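This report describes selected structural features of a protein model for readers at the bench. Please consult the sequence and the three-dimensional view while reading.

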Amino acid sequence: MLGRTLREVSAALKQGQITPTELCQKCLSLIKKTKFLNAYITVSEEVALKQAEESEKRYKNGQSLGDLDGIPVAVKDNFSTSGIETTCASNMLKGYIPPYNATVVQKLLDQGALLMGKTNLDEFAMGSGSTDGVFGPVKNPWSYSKQYREKRKQNLHSKNEDSDWLITGGSSGGSAAAVSAFTCYAALGSDTGGSTRNPAAHCGLVGFKPSYGLVSRHGLIPLVNSMDVPGILTRCVDDAAIVLGALAGPDPKDSTTVHDPINKPFMLPSLADVSKLCIGIPKEYLVPELSSEVRSLWSKAADLFESEGAKVLEVSLPHTSYSIVCYHVLCTSEVASNMARFDGLQYGHRCDIDVSTEAMYAATRREGFNDVVRGRILSGNFFLLKENYENYFVKAQKVRRLIANDFVNAFNSGVDVLLTPTTLSEAVPYLEFIKEDNRTRSAQDDIFTQAVNMAGLPAVSIPVALSNQGLPIGLQFIGRAFCDQQLLTVAKWFEKQVQFPVIQLQELMDDCSAVLENEKLASVSLKQ
Amino acid sequence: MAAPMLRWVGRGRRWTFARVDGGSCHRRGAPTGSTSNRIRGQSSVAQQPLYTTQKPRKGEHKWAAVVGLEIHAQISSNSKLFSGSQVRFSAPPNSLVSFFDASLPGTLPVLNRRCVEAAVMTGLALNCHINKKSLFDRKHYFYADLPAGYQITQQRLPIAVNGSLTYGICAGKKQSQVIPKTVRIKQIQLEQDSGKSLHDDLRSQTLIDLNRAGVGLLEVVLEPDLSCGEEAAAAVRELQLILQALGTSQANMAEGQLRVDANISVHHPGEPLGVRTEVKNLNSIRFLAKAIDYEIQRQIDELENGGEILNETRSFHHQLGCTMSMRDKEGKQDYRFMPEPNLPPLVLYDATSLPAGADPQQVINIDQIRETLPELPRVTRERLVQQYGMLLEHSFTLLNEVGLLEFFQNVIKETRAEPKKVTSWVLNNFLGYLKQQNLAVSESPVTPSALAELLDLLDSRTISSAAAKQVFEELWKREGKTPGQIVSEKQLELMEDRGPLEQLCHSVMEAHPQVVTIWGRGEGQSHLQSQPQDTPKSLAITLCGSPEALPKNDWPSFIYNSLIVIFLVKVMDLKEGNPRAINKLIGLVRKATQSRADPAMIKEILEKKLSS
């Protein structure tokens, strides 16, 4: 049951094959067994069980709230959850219990979903590995998969398996690990420069970033307000569509959500024919750093579309190479501003120093934020100084406009969706990853995902195949603004073609056979 | 020690400003530094825009002051600029704070429509160009009562620009002439208010009240077209009246709904502008004028003595009446402005740009707001002058006192008395009593209806105007009696019937022929004329010839008769061409009749009787 997709388990709940409480307990057990992954910062066991109980009553009375009723979900720990600690993986917010739910959280709860817990991340979502949070790094469940282990035995004669675990990518690595390790059926991430798509690609999941303005940001503790979007991590495209259907829509509490009606619910048609589709391949995305495996898969994917009758065009997004630098200026500037509220006065961490208010601010912020956050605050304040504003911030905004226009031009040339890699390579071992500093890594890892956030477009990473090492590789589809449904429809067709294998966590699961009972996890295929 | 030196030297009566709000000083800590030696009388400052140096040298330098104002007006609205929490003065601390106001992470601003409408309305009333598209910015600084670490304001593209404010300055010997002046308005911007910090020096604690945090403000920026405290005060007073007329702000300075910062510099005309200082903490119009004039003089003195003016922020100290450097520790503030990413551009429409089928709840139509503009104070004054024939300065006074115009209009509505009579009573008697007892119009013991009834009694000649003043005095005692009741209780009705009065005069003259004889002796006449301040008793002795001849009883009728005699004496005076004498006598007679007899009638009757 745990290995199923959201849609399948939803059907099982409706048919009474399992009750929400049973499902919830199974997930809770698995969360405990997989604690070493460090996917969750907070497990909201009591809340989840109570929600399950209520859901069960509804099912008994035939009053199910819909597809999400009784479905265990997890939420990244930078979404405000009423009564449940929300830390952003930072000392600054340790112990902070928000008095309100983020709109997306509330919408999930309103649909009957069970909140299993809050997932790990890089501090304040600043990172691409989920390694830089105060609660420690998240381990990629694929590190323990049969696929990876077998390959690894063949390839290397591994010295120390335990220290060779892989990163999840990030910053929504906790959410990705939680879904990937079957502890829940969907999870919320956030996506500012690729933070949902990147870990999805590394963990073999569907990672969806909706159009900016389609889903409310109210309650999402911001990284960059003008780029942040709640992201969705699921095991298949249909599941992402179900969750999007529950979340999308205008929110009076977020003035940047759009009022234009969007087709709801997000039922995705099964494309029988892609001959009317035009797929764009941005030539600038073919960078030297791209691993040959990813490049080859990307190329195969293009061939697949072409062979099925779609038109595949090379397009140009000429300003792509400026995206990283531009993002750096805009991101750090907003970070400097957004982090100003963490002064220790009203909530969160406060230092013991009380010589003066200024001294208290300084010590609180020094103790509360890690080096990455402090570094970004410092750069951001530099860019916003009166004498620098025109030269940095205003210029970066202009470049942002050019980058957004690149996409507009590409779509105006007749392209329906763009096909790109999501990441340069598959997930790397933690010890490898931490050789570079956070800034360098973020700059490298966000290269294919960041520009989309600048333009506010919808994008989705789809797991395509396993690398030689037995690790998942994802490709990204980028759609026109607010054409999220079309984008997901194409992604669904593609998903069906590639038949990405399910993670085989037998070794891991052996430890918890009591939980899994007769589940045929390893053999559950995405599509029968 | 400095305080007594700081008398505000009066310059005669001007049209009055708002009630002086006393005792609203919340300064913390004791003032330091010696400033008293700089303080001198400033009466000359406000009257002439050009300043003569204190110690004129050869070829005497003239100084000109340049004053610009930044005025923050709290928008009168039920809820805050970007959140749903209520706006209320003096609510329990931190009782009106939403998650957004406390800057809880993840909360977002949602613009309050009412605040936008108030800004548009104010912009229109101040002849501004309304920007169809305006933007919001973040202004960053760390302060304990600014929980987000930034304030949302409109720095780059404000909602209204390029307006003007016309106000009046009183001039002339009696300050009775009103000179119109205009100050340009640079811009009006919407922004958030901060919370309040309460410093407890004893325990070295700062307590924060966030009730005010996030309340909508209109920042009105005036161009530096002003040249003295009086002009600034008059301009702010006019703006206050406009805001109150529009209902866009209660603009009560004592409650902090209107706050003024002044930018001040001095220079020699024709030369570049001098370095300016900013004076903050001006919480009444009187202090505003005082602070500006003080600061102008300070700068002149400083420069005259070879000093220099620092570009600094200064605070006005109410008790000492001087400005003092606030000694900003951080030095130069860089506010690191940045566009507010959570608010889309604010787009306004007019009749021509309104999209077809737009939801009126979702759009703001400038033309529609223009139609709802109420009468502005300038127009109200013109109307008062036209409609009631009052003097322009009277119209200023009526508008300047909070609630006085409404009081006046309510009286007018209910009385048959002439508007001029009403104006005179409201501005002289009513306002005089208020001022004397330092009361606001709303605290008046006399209601408009009571005054209207009183004026009706006067108008219908039921009472004399002297009796009316007596009734008014009774009304002021708050005994809950109507003017009618007071008149009948005190028997203040005018002796209206001619018959009884004539008969009284006649019988009095007939019954006391000896009184006439005394008058005929001549010495009585001269005595009476030379010593009008005599007591009744001394008069009586004079009349009777000796103290022994005084009556044993029936004093009232004796005095009455005596007065008639005096009156007759004066009538003779009149015949001899001495009108002042008869006026004095009429006064005495009126007093004797408790002002009940109409002097004109008495005069007429007696003249007739004497000449016949």
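## Helix α8 of chain A and its surroundings

Just after α8(A), Gly249(A) adopts a positive phi of about 130 degrees. The model is a predicted one. Helix α8 itself spans residues 237–247 of chain A, and 11 of its 11 residues are buried, so the helix is largely enclosed by the rest of the structure. Among these buried residues of α8(A) are Asp238(A) and Asp239(A), together with Val237(A), Ile242(A), Val243(A), Leu244(A) and Leu247(A). Gly245(A) and Ala246(A) of α8(A) are likewise buried.

## The sheet of chain A

In chain A, 11 strands make up an open sheet of mixed pairing, arranged in the order β1-β3-β2-β4-β6-β5-β10-β11-β9-β7-β8. The edges are occupied by β1 (40–43) and β8 (311–315) of chain A; each has a single partner strand, so one side of each is left without a neighbour in the sheet. On average, and with direction ignored, neighbouring strands of this sheet are turned by 30 degrees against each other.

Strands of a sheet pair through backbone hydrogen bonds, either parallel or antiparallel. Strand β2 (residues 72–76) and strand β3 (residues 114–119) of chain A run parallel and are joined by five bridges. Within this pair, Ala74(A) is placed opposite Gly117(A) of β3(A).

## Salt bridges

Over all chains, the structure holds 38 salt bridges. Three of them are listed below.

| Pair | Closest N to O distance |
|---|---|
| Arg480(A) and Asp416(A) | 3.7 Å |
| Arg314(B) and Glu312(B) | 2.6 Å |
| Glu489(B) and Lys481(B) | 3.3 Å |

What does the salt bridge between Arg480(A) and Asp416(A) tie together? Arg480(A) lies in the loop between β11 (472–478) and α17 (484–498) of chain A, whereas Asp416(A) lies in the loop between α13 (386–412) and β9 (417–421), so the pair ties together parts that are 64 residues apart in sequence. Arg480(A) has a relative accessibility of 26% and counts as partly exposed. Asp416(A), at 13% relative accessibility, counts as buried because the limit for a buried residue is under 20%.

In chain B, Glu489(B) pairs with Lys481(B) in a salt bridge. Glu489(B) counts as exposed, at 51% relative accessibility, and Lys481(B) is partly exposed, with a relative accessible area of 34%. Elsewhere, Glu295(B), Arg298(B), Glu302(B), Glu312(B) and Arg314(B) are joined into one network by salt bridges that share partners. Within that network, both Arg314(B) and Glu312(B) are buried.

## A helix contact and the make-up of chain B

Helix α10 (residues 448–459) and helix α12 (residues 483–490) of chain B have axes that come within 8 Å and cross at roughly 50 degrees. This crossing makes α10(B) oblique to α12(B). On the α10(B) side, the contact is made by Ala450(B), Glu453(B), Leu454(B) and Leu457(B), and on the α12(B) side by Pro483(B), Gly484(B) and Val487(B). By class, the residues of the contact of α10(B) with α12(B) divide into five nonpolar, one polar and one charged.

Chain B as a whole has 19 helices and 17 strands. Of its 612 residues, 51% are buried. Among contacts in chain B with a separation of 6 or more, residues 24 or more positions apart account for 70%.

Terms used. Residues are numbered from 1 along each chain as its sequence is written. Chains are lettered from A and ligands numbered from 1 in the order in which they are written. This is a predicted model: local features need pLDDT of at least 70, side-chain atom pairs count only at pLDDT 80 or more; totals for chains, interfaces and linings use all residues. Side-chain values use heavy atoms; hydrogens and water are left out. A salt bridge is a side-chain nitrogen of Lys or Arg within 4 Å of a carboxyl oxygen of Asp or Glu. Helices (H or I, at least four residues) and strands (E, at least two) are DSSP runs, numbered from the N terminus. Buried means under 20% relative accessible area, exposed over 50%, partly exposed in between (1.4 Å probe, protein chains only). Two strands pair if DSSP finds at least two bridges between them. Axes are lines fitted to C-alpha atoms, for helices over the stretch in contact, and angles run from 0 to 180 degrees between N-to-C directions. Angles under 35 degrees count as roughly parallel, over 145 as roughly antiparallel, 65 to 115 as roughly perpendicular and the rest as oblique. Contact means heavy atoms within 4.5 Å. Ala, Val, Leu, Ile, Met, Phe, Trp, Tyr, Cys and Pro count as nonpolar, Asp, Glu, Lys and Arg as charged, and the others, Gly among them, as polar.
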